[in-house]
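Good morning, colleagues. I would ask you to look at the sequence and the model together while I go through the long helix, the sheet and the charged side chains.

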Amino acid sequence: MGTPLPDHALLGRYAQGAAYTDCYVAEVPASVSHAEYVEAFYTSAVFKLERLLLAWFVSKPSSDAQARQLAAGERDSFAAWGVEDRSVDQLLMSDFSGRTRSWLMVAPVLGGAAATRLYFGSAVVPIVDRETGRARMGLPFRALLGFHKIYSRVLLRAACARLERFRPRRQ
């Protein structure tokens with residue numbers, strides 16, 4: 001895990017159980033709204049590649065316009081995810097299988113010039129073995145965990161870059 005979850009994080013409900021959770025943080029030197037962050041995250045070049053793969057492999061297409069609607073609170077689904085919970089500064093999404101969660105949050109950086117802390121986290125919910133009743137993560141999870149950690153950081157950096165690229169337009 002990159003950083004501990006903030007106490008009030010919507011993703012925190014998964015950190016208390018057998019699920020895997022992580023949290024990554026970056027700061028941008030500007031005041032960024034939650035809607036701007038969500039839109040930048042889901043419309044970054046890196047995430048567009050994921051959207052393309054989701055359209056091809058699981059028939060879950062999406063568009064930049066849908067990402068903007070999600071960011072504005074005008075839709076409750078996007079690509080392979082549905083909104084599980086939302087607040088003024090957070091969005092918690094659940095994938096169509098119910099196994100993974102994605103979480104985005106913004107917080108102002110206190111003191112000094114305007115800056116915003118961007119949070120991105122995930123949860124993977126274990127499978128419960130029907131015979132034993134024990135929760136287990138499974139081989140695919142263990143095999144892809146290293147990639148997931150790197151990819152999470154890449155996604156967060158891509159959102160930051162997109163926000164900074166369009167910063168003059170937003171001010």
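Let me begin with a definition: the bend at a residue is the angle between two axes, one fitted to the seven residues ending there and the other to the seven starting there. Helices (H or I, at least four residues) and strands (E, at least two) are runs assigned by DSSP and numbered from the N terminus. The model is a predicted one, in which local features need pLDDT of at least 70, side-chain atom pairs count only at pLDDT 80 or more, and totals for chains, interfaces and linings use all residues. Residues are numbered from 1 along each chain as its sequence is written, and side-chain values use heavy atoms, with hydrogens and water left out.

I turn to helix α5. With 27 residues, 139-165, helix α5 reaches 39 Å from its first C-alpha to its last. That is close to the 39 Å expected at 1.5 Å a residue, where the expected span is 1.5 Å times one less than the number of residues. Where is the kink in α5 centred? The kink, of about 50 degrees, is centred on Leu-145. Leu-145 is also one of the buried residues of α5, buried meaning under 20% relative accessible area, exposed over 50%, and partly exposed in between (1.4 Å probe, protein chains only). Other buried residues of this helix include Phe-141, Ser-152, Cys-160 and Arg-162.

Next, the sheet. Strands of a sheet pair through backbone hydrogen bonds, either parallel or antiparallel. Here six strands form an open sheet with antiparallel pairing, in the order β1-β6-β5-β4-β3-β2; two strands count as paired if DSSP finds at least two bridges between them. Strands β1 (20-28) and β2 (77-78) stand at the edges, and each has a single partner strand, so one side of each is left without a neighbour in the sheet.

Which strands does β6 join? Nine bridges connect β6 (residues 116-124) to β5 (residues 100-108), and nine bridges connect β6 to β1; both pairings are antiparallel. On the β5 side, Thr-100 stands opposite Val-124, and Leu-104 stands opposite Phe-120. On the β1 side, Ala-26 faces Leu-118, while Glu-27 has Arg-117 as its bridge partner. Eight of the nine residues of β6 are buried, so this strand is largely enclosed by the rest of the structure. Strand β1 is mostly covered, with seven of its nine residues buried.

I come now to the charges. A salt bridge is taken as a side-chain nitrogen of Lys or Arg within 4 Å of a carboxyl oxygen of Asp or Glu, and by this rule there are seven salt bridges.

Glu-27 and Arg-117 are joined through their side chains as well, in a salt bridge of 2.7 Å, N to O. Glu-27 lies in β1 and Arg-117 in β6, so the pair ties together parts that are 90 residues apart in sequence. Glu-27 is partly exposed, at 44% relative accessible area, and Arg-117 is partly exposed at 24%.

Which residues are joined with Arg-13 into one network? Through salt bridges that share partners, they are Glu-84, Asp-85 and Arg-101. Within that network, Arg-13 meets Asp-85 with the closest N and O atoms 2.7 Å apart. This pair links helix α1 to strand β3 across 72 residues. Arg-13 also meets Glu-84 at 3.5 Å, N to O; that pair, 71 residues apart, links helix α1 (residues 12-15) with strand β3 (residues 81-87). Arg-13 is partly exposed at 41%, as are Glu-84 at 28% and Asp-85 at 24%.

Finally, consider Asp-95, in strand β4 (residues 90-95). Asp-95 is buried yet has no salt bridge. The nearest side chain of opposite charge, Arg-101, is 4.8 Å away; for charge, Lys and Arg count as positive and Asp and Glu as negative, while His and the chain ends are not counted. What does the side chain of Asp-95 reach? The side chain of Asp-95 reaches the backbone nitrogen of Arg-99, at 3.0 Å.

Terms used:
Polar contact = N/O pair within 3.5 Å; in protein donor to acceptor, adjacent residues only side chain to side chain.
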